[in-house]
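Here is a set of exercises to work through with the sequence and the model side by side. Try each task yourself before you read its solution.

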Amino acid sequence: MVDANSERPILIFRGDNAGNQQWTLSKDDITVGRGEESDIVLPERQISRQHVRIYRDGDAYYIVDLSSRNGTWVNDETLTSPRRLYDNDVINLAKAALLQFVGSGATAPLPFAVPEGAGDGRLRLDRAARRAFINDVEIDPPLSPPQFRLLELLYLNYGRVCTREEVIQTVWPEAFGEGVSEQAIDALVRRLRDRLAEIDTDGQYIVTVRGHGFRLENG
């Protein structure tokens, strides 16, 4: 019998002192805050007693700030109204605690299987922990959520070219169909290349195939 909670998203507490704390969103409506009345309690004084609410609407999950004193950010953007959560989004509560949203298998935009050869080169991804390594050296600070989504897309499609449309659908799913500029895509690729070059200045990794898209080289 399949555990229903295995199909639920999870929140992972990130940070030097976070340990391995994570919570399955076993209810469709939860609160996160410092107070004992919250479903997920984070004992940081900067965090309000009930700081944010995360709730399910259909197949999607949303987050809303509960008029917290010190604010909430999602992927470095201030949360001012209800916002849909996507796999690998990073939630910053009052600049005091980082939570990573990991979507359920039903809503994850990428396939699970890693193609043969993807993990045989210098670049390696720990997809469960959202960490990237080159020659066993971790990229630190971690890649931003959009950077990791792009790298994961190329990693899971090792051996073929990923189109710009696939990049948009994976990295900016909320904007798919509305249009994302070529400049935005190119800027993301450039930033990701720069991050990889911090560890390995000789590796190319992300190759632009003119007129088609991008592919990963992981020799």
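Before we start, a contact means heavy atoms within 4.5 Å. The model is a predicted one, in which local features need pLDDT of at least 70, side-chain atom pairs count only at pLDDT 80 or more, and totals for chains, interfaces and linings use all residues. Residues are numbered from 1 along each chain as its sequence is written, and side-chain values use heavy atoms, with hydrogens and water left out.

**Exercise 1. The whole chain**

Task: Describe the secondary structure, burial and contacts of the chain.

Solution:
- Step 1. Helices (H or I, at least four residues) and strands (E, at least two) are DSSP runs, numbered from the N terminus. The chain has 3 helices and 17 strands.
- Step 2. Buried means under 20% relative accessible area, exposed over 50%, and partly exposed in between (1.4 Å probe, protein chains only). Of the 219 residues in the chain, 46% are buried.
- Step 3. Take the contacts between residues at least 6 apart in sequence: 44% of them join residues at least 24 apart.

**Exercise 2. The nonpolar cores**

Task: Find which elements build the largest nonpolar core, and which of them gives the largest share.

Solution:
- Step 1. A nonpolar core is a set of buried Ala, Val, Leu, Ile, Met, Phe, Trp, Tyr and Cys residues joined through side-chain atoms within 4.5 Å.
- Step 2. The largest such core has 28 residues, and those with the most contacts inside it are Leu 123, Leu 150, Leu 151, Val 167, Trp 172, Leu 196 and Ile 206.
- Step 3. Two or more residues of this core come from each of strand E12 (123-126), strand E13 (131-134), H1, helix H2 (164-171), helix H3 (182-197) and strand E17 (213-216). H1 gives the largest share, 7 residues.
- Step 4. Now zoom in on Ile 206. Not counting residues up to four places away in sequence, Ile 206 touches Leu 154, Val 189, Leu 192, Arg 193, Leu 196, Phe 214 and Arg 215.
- Step 5. A second, separate core has 22 residues, including Phe 13, Leu 25, Val 52 and Ala 97.
- Step 6. Return to H2, whose buried residues are Arg 164, Val 167, Ile 168, Thr 170 and Val 171. These buried residues pack against H1, E15, H3 and E17.

**Exercise 3. Pocket and cavity**

Task: Give the volume and the lining of the largest pocket, then of the largest cavity.

Solution:
- Step 1. On a 1 Å grid over the protein atoms alone, a cavity is a set of points where a 1.4 Å probe fits but cannot get out, while a pocket is an open set with protein on both sides within 12 Å along at least five of seven lines; lining residues have an atom within 4 Å of a point. Grid points are joined across faces, edges and corners, and a volume is the space filled by probe spheres set on the points.
- Step 2. The largest pocket has a volume of about 620 Å³. Its lining has 20 residues, with Arg 14, Val 90, Leu 98, Pro 142 and Leu 143 nearest the centre.
- Step 3. Strand E10 (89-93), strand E11 (97-102) and helix H1 (145-156) each give two or more residues to this lining.
- Step 4. The structure holds 1 cavity of 30 Å³ or more, and the largest cavity has a volume of about 40 Å³. It is lined by Arg 130, Arg 131, Ala 132, Glu 138, Ile 139, Pro 142, Leu 143 and Phe 148.

**Exercise 4. Backbone details**

Task: Locate Asn 75 and Asp 136, and decide for each whether it is buried or exposed.

Solution:
- Step 1. Most residues other than glycine have a negative phi, and most peptide bonds are trans.
- Step 2. Asn 75 has a positive phi of about 55° and is found in the loop between strand E7 (72-74) and strand E8 (77-78). Asn 75 counts as buried because its relative accessibility is 17%.
- Step 3. Asp 136 has a positive phi of about 65° and lies in the loop between E13 and E14. Asp 136 is exposed because its relative accessible area is 62%.
- Step 4. Finally, look at the peptide bond from Asp 140 to Pro 141, which is cis, with omega near 5°. Pro 141 lies in the loop between strand E14 (137-138) and H1.
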